[in-house]
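Hi there,

Here is the structure I promised to send over. Please have a look at it first, and then read my notes underneath.

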Amino acid sequence: LTVRIPELPSNVTEAPLALLLHGFGYPLADEYRDWSQQLAAKGMVVIQIAYPSALDALGVPTDWKPTEGPGTSDHPQHGLRMLAMNSALEVVNTDVLPTLSLDVRRDVLWVGGHSLGAGIAVMLLPSLQAWNWGSTAVVVDLEQPYAHSIDPTVALPLQPFNGTTVAHVVVAEGDT
């Protein structure tokens with residue numbers, strides 16, 4: 001986990017939360033420094049979660065080919081990544097956010113990522129909703145999103161958010 005705290009006036013005691021997720025094979029926080037600095041400059045506490053992107057799924061035949069559809073796939077690694085992400089979010093919620101000098105508003109949330117990180121952001125939304133994160137306002141920012149899981153035990157159904165919701169999806173010709 002990498003945490004970036006915004007520089008705020010001394011009379012400001014709270015800030016919204018931003019969760020930034022890296023693309024496949026780019027887990028270093030420096031790869032997304034400009035993005036995280038920009039979010040922090042807007043007054044958000046930014047948490048980058050380095051999830052395991054390159055995983056070998058034991059028991060999957062070497063000649064296995066994934067089924068991919070519009071925005072989805074059946075990659076078995078999705079379930080492993082989500083276990084890691086949910087564990088990381090538990091640590092963020094119980095061990096990281098309470099130790100910060102600011103009151104971090106989980107109800108005002110920015111969540112996004114690049115490529116595989118964007119796919120994981122979509123898969124995380126139901127968990128975040130269950131914790132009431134983003135209940136006042138949520139921005140979902142998906143940059144060149146890669147597939148999320150078609151497995152209903154991994155990609156839980158997404159319900160409409162109660163508060164203000166903004167979605168920003170950027171798709172270009174290439175991933176970089």
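Below is what I found, starting with a strand and moving on to a pair of helices. Please keep in mind that this is a predicted model.

Let me begin with strand S3, which covers residues 45–49. Five of its five residues are buried, so to speak of S3 as mostly covered is fair. Both faces of S3 are covered: on one side you will find Val 45, Ile 47 and Ile 49, and on the other Val 46 and Gln 48, all of them buried.

S3 also has pairing partners. Strand S1 (residues 2–4) pairs with S3 in the antiparallel sense, over three bridges, and there Thr 2 stands opposite Gln 48. Strand S2 (residues 14–21) pairs with S3 in the parallel sense, over five bridges, with Leu 19 opposite Ile 47.

Now for the helices. The axes of H2 (residues 77–96) and H3 (residues 116–130) come within 11 Å and cross at roughly 60°, which makes H2 oblique to H3. Their crossing is right-handed. If you would like to highlight the contact, H2 contributes His 78, Arg 81, Met 82, Met 85, Asn 86 and Leu 89, while H3 contributes Leu 116, Ile 120, Met 123, Leu 124, Ser 127 and Leu 128. By type, the residues of this contact divide into eight nonpolar, three polar and one charged.

Happy to go through any of this with you.

Best wishes

Note on methods: Residues numbered from 1 in each chain as written. Predicted model: local features only at pLDDT ≥ 70, side-chain atom pairs only at ≥ 80, totals over all residues. Heavy atoms only, no water. Axes fitted to C-alpha atoms, helices over the stretch in contact; angles between N-to-C directions. Helix = DSSP H or I, 4+ residues; strand = E, 2+ residues; numbered from the N terminus. Parallel < 35°, antiparallel > 145°, perpendicular 65-115°, else oblique. Left-handed = near helix turned anticlockwise from the far one by under 90°. Contact = heavy atoms within 4.5 Å. Nonpolar A, V, L, I, M, F, W, Y, C, P; charged D, E, K, R; others polar. Buried < 20%, exposed > 50% of the residue type's maximum accessible area, 1.4 Å probe, protein only. Pairing = 2+ DSSP bridges.
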